[in-house]
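Student: I've got a model open on my screen and I'd like to learn how to read it. Could you walk me through it feature by feature?

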Amino acid sequence: MASAVMPIACNGCSDAATTNKGMKSCAGLRQKRLVLLLTLLAIPLCVSAQLQQTDPYNNGAATGATGMQPRNEPADTETVSSHADQGKPLQFKSQTTIVQVPVVVTDKAGNHVHGLTKADFKVLENGKAQKIASFEEIIPAAIAPPSAVSTAGIFTNVSPDEHKLRALTVILLDEVNTPFLDQSYARKQLVKYLATHLQPSQPVGLMSLSEKGLTTLSGFDTDPQALMAALKKASGHVSTMENYSSDAKAIAATGAAQDSLSHGIGTSESPELVIQRFMLQLDAVDATYNQARAIETTLRAFLEIAWSLSGRPGRKSLVWVTGSFPFYLDSFTSVPGDNGLRALYERTLQALNDAQISIYPVDARGLLSDETYSGENTGSLLPAGASDSARQSSITSLKTFAAMTGGVAYYNSNDVSGAYDRAVQDSSSYYLLSYYLDHRDNKMGWRKLQVLVVGKDTEVRARAGFLVTNVSANPQLTQKADLDLALHSPFESTGIPIAGRWEGSRTKGQRKEIGFALSVPATGLIDEADKNYVDLEFVARATNKGTVAATVSQQFKGNIVPETLARLKTDGILYRHFLDLAPGDYEVRFMVRDNLTGRIGSLIVPLAVH
């Protein structure tokens, strides 16, 4: 739980204290109402030091006094390439990296196996045995978590017992990558599962994904009737991709069939066929563009879900009810071709692993049939079987993505209720193993994981591995993109616990300066192995009906002096500032990002200014 917000005191600080590059004293800052201070100032000596604090929103440098020592770093010029890099060297930004691996162990009948010890397991990375640093058998509580509660003027993004392990399952209804009629079929199957299979002790959350983004249909609940009532909120939507022919969608999905359209015009071809090929080429270009948007929307949704659950400990199951995978994932090293989409994909995969989320794709199309001679494919300009090949490629992609996260893909079945049940049961009991990543192996690429149970007749399931890339090793590469997504997400991020409060206001003409204070626990945010180094970004943004009214932000980076460290561990880190606003109703988003790890915490708070 975040520490209580405490007022800043600076009784021991000299008003005349300044640095040699314009850092103002505590008194000077108070005079200008720019209370951009951390609890680092709340120490008897109030040691001041020079720090470079960049503001990514205003593209300017800010200065301030802190209890941190200056640190100069070279400019980061790393970029993200457009293809999977295997074997290229990279530089890890953190001193240590812990790899956590949730492992589900069952007997041949599918029953969970309990009572195994650390000695029963072997973990291999790229075939090399790893030393297991920690081991635990986990049986989470089968109850829905309480919502975050704001009390005594404090608002927070954490629940009262956020450290308690729970078996959580999220069901996501995908309207972006699923045909409209298949969406209806999937909802009927989900109602069937909720009515006949859901146990009172199994908390399930419901979400839907449209081209406008994620929508919460129901928070975590164990009541089947309440969940079925919430399901009625999802009426389904016709996605943009449904406007294209099967040929255009096949080309957009795989790109392979495009070659058959790029040949020259044959002398025996009729003008009608020539026109059809030309129109298909135009249609395919448009479909490929919108397919890229579908990829972006889908990956952003997974990333937002991962951030929202990152502060809840333990393994979670995400049942993804979809009609297709938005791009061809034929191997563990496949990535989207676009640079930006590739960075987003790598960031999303890392966030899912960090949050211990296993994905269970469920093909909403049910039992597949041979479409070669279907009416939809009559008159196809692509080679025979191209459309069916695209469908099979989608299934391959779903299976690959599930294996990468430790889940299981379900497809080619008209009864998918068993898939829901499997996902729920998998998080009800598992083992959590961890080991330290060897930073001497600095080659980029896919790291294959194998978890073995020695001498036992069991079935073991864990994620197939993980990607080590510039994006995963250096959180600074996605800093601005993370900030933008967190500030627009419909969910609060829980990777960093935050407690906040309003601190009064001051009238300034027709406007008001609304003061606030944010408190975050220092645990896990300070790299003590690197001379107590910290790199935090604070952001507050107020919007009125979607229009940005005010934004303040500050990045604090440097080494904390030893005499300050103990106080921060006890009191937490405090950030204070104000928002300059006209009268009106606002939605205020507070966000904190740890730039050393990429962890994010955020709050969404209503504010009325009179």
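Tutor: We'll go through a sheet, its strands, the cores and the salt bridges in turn. Keep in mind that this is a predicted model.

Student: Let's begin with the sheet. In what order do the five strands of the open sheet come?

Tutor: To read a sheet, follow the pairing from one edge to the other. Here the order is 11-10-9-12-13, with mixed pairing. The edges are strand 11 (213–221) and strand 13 (357–363), each of which pairs on one side only. From one strand to the next, the twist averages 20°.

Student: How many bridges join strand 9 to strand 12?

Tutor: Six, and the two strands, residues 168–174 and 316–322, run parallel. If you want a register mark, take Ile171: its bridge partner in strand 12 is Val319. On the other side of the order, strand 12 is joined to strand 13 by seven bridges, again in parallel. There you can use Thr322, which stands opposite Asp363.

Student: What sort of unit do strand 12, helix 6 and strand 13 make?

Tutor: A β-α-β unit, and a right-handed one. While you're looking at helices, find helix 2 (residues 180–196): it lies across strand 9, strand 10 (204–210) and strand 12, and runs at about 155° to strand 9.

Student: Now the faces of a strand. How many residues of strand 13 are buried?

Tutor: The general idea first: in a regular strand the side chains alternate between the two faces of the sheet. In strand 13, seven of seven residues are buried. Ile357, Ile359, Pro361 and Asp363 are on one side, Ser358, Tyr360 and Val362 are on the other, and both faces are covered. So an edge strand by pairing is here mostly covered as well.

Student: On to the cores, then. Which residues have the most contacts inside the largest nonpolar core?

Tutor: As background, nonpolar side chains tend to be buried together in soluble globular proteins. This core has 48 residues, and the ones with the most contacts inside it are Leu172, Tyr345 and Phe401. Several elements supply at least two residues each, including strand 9, strand 12, helix 6 (339–354) and helix 7 (386–405). Helix 5 gives the most, with eleven residues. Try centring your view on Phe401: leaving aside neighbours within four places in sequence, Phe401 is in contact with Phe302, Trp320, Phe325, Leu329, Tyr345, Leu349, Leu352 and Ile359.

Tutor: There's also a second, separate core of 33 residues, which includes Phe538, Ile573, Leu603 and Leu607.

Student: Why is strand 22 called largely enclosed by the rest of the structure?

Tutor: Because eight of its nine residues are buried. Strand 22 pairs with strand 19 in the antiparallel sense over nine bridges, and Ser519 stands opposite Leu574 in strand 22.

Student: What about sequence distance versus space? How far apart are Val451 and Phe121?

Tutor: They are 330 residues apart in sequence, yet 6.9 Å apart in space, C-alpha to C-alpha. Val451 lies in strand 15 (residues 445–453). With a relative accessible area of 12%, Val451 counts as buried because that is under the 20% cut-off. Beyond its neighbours within four places, its contacts are Val101, Val103, Phe121, Lys122, Val460 and Ala462.

Student: Last topic: how many salt bridges does the structure hold?

Tutor: Side chains of opposite charge can pair when their charged atoms come close. This structure holds 19 salt bridges. Asp457 and Lys108 form one, with the closest N and O atoms 3.6 Å apart. They sit in loops 349 residues apart.

Student: Are Asp457 and Lys108 buried or exposed?

Tutor: Both are exposed. Now look at Asp426 and Arg461, whose side chains meet at 1.9 Å, N to O. Asp426 is in helix 8 and Arg461 in strand 16, 35 residues apart, and both are buried.

Student: Which residue forms a salt bridge with Arg511?

Tutor: Asp580, with the closest N and O atoms 2.9 Å apart. That pair links strand 19 to strand 22, 69 residues apart. Arg511 is partly exposed at 33% relative accessibility, and Asp580 is partly exposed at 25%. One more to find on screen: Glu125, Asp441 and Arg447 are joined into one network by salt bridges that share partners.

Notes. Residues are numbered from 1 along each chain as its sequence is written. This is a predicted model: local features need pLDDT of at least 70, side-chain atom pairs count only at pLDDT 80 or more; totals for chains, interfaces and linings use all residues. Side-chain values use heavy atoms; hydrogens and water are left out. Two strands pair if DSSP finds at least two bridges between them. Helices (H or I, at least four residues) and strands (E, at least two) are DSSP runs, numbered from the N terminus. Axes are lines fitted to C-alpha atoms, for helices over the stretch in contact, and angles run from 0 to 180 degrees between N-to-C directions. Contact means heavy atoms within 4.5 Å. Buried means under 20% relative accessible area, exposed over 50%, partly exposed in between (1.4 Å probe, protein chains only). A salt bridge is a side-chain nitrogen of Lys or Arg within 4 Å of a carboxyl oxygen of Asp or Glu. A nonpolar core is a set of buried Ala, Val, Leu, Ile, Met, Phe, Trp, Tyr and Cys residues joined through side-chain atoms within 4.5 Å. A crossover is right-handed if, with the strands pointing away from the viewer, the path from the first strand over the helix to the second runs clockwise.
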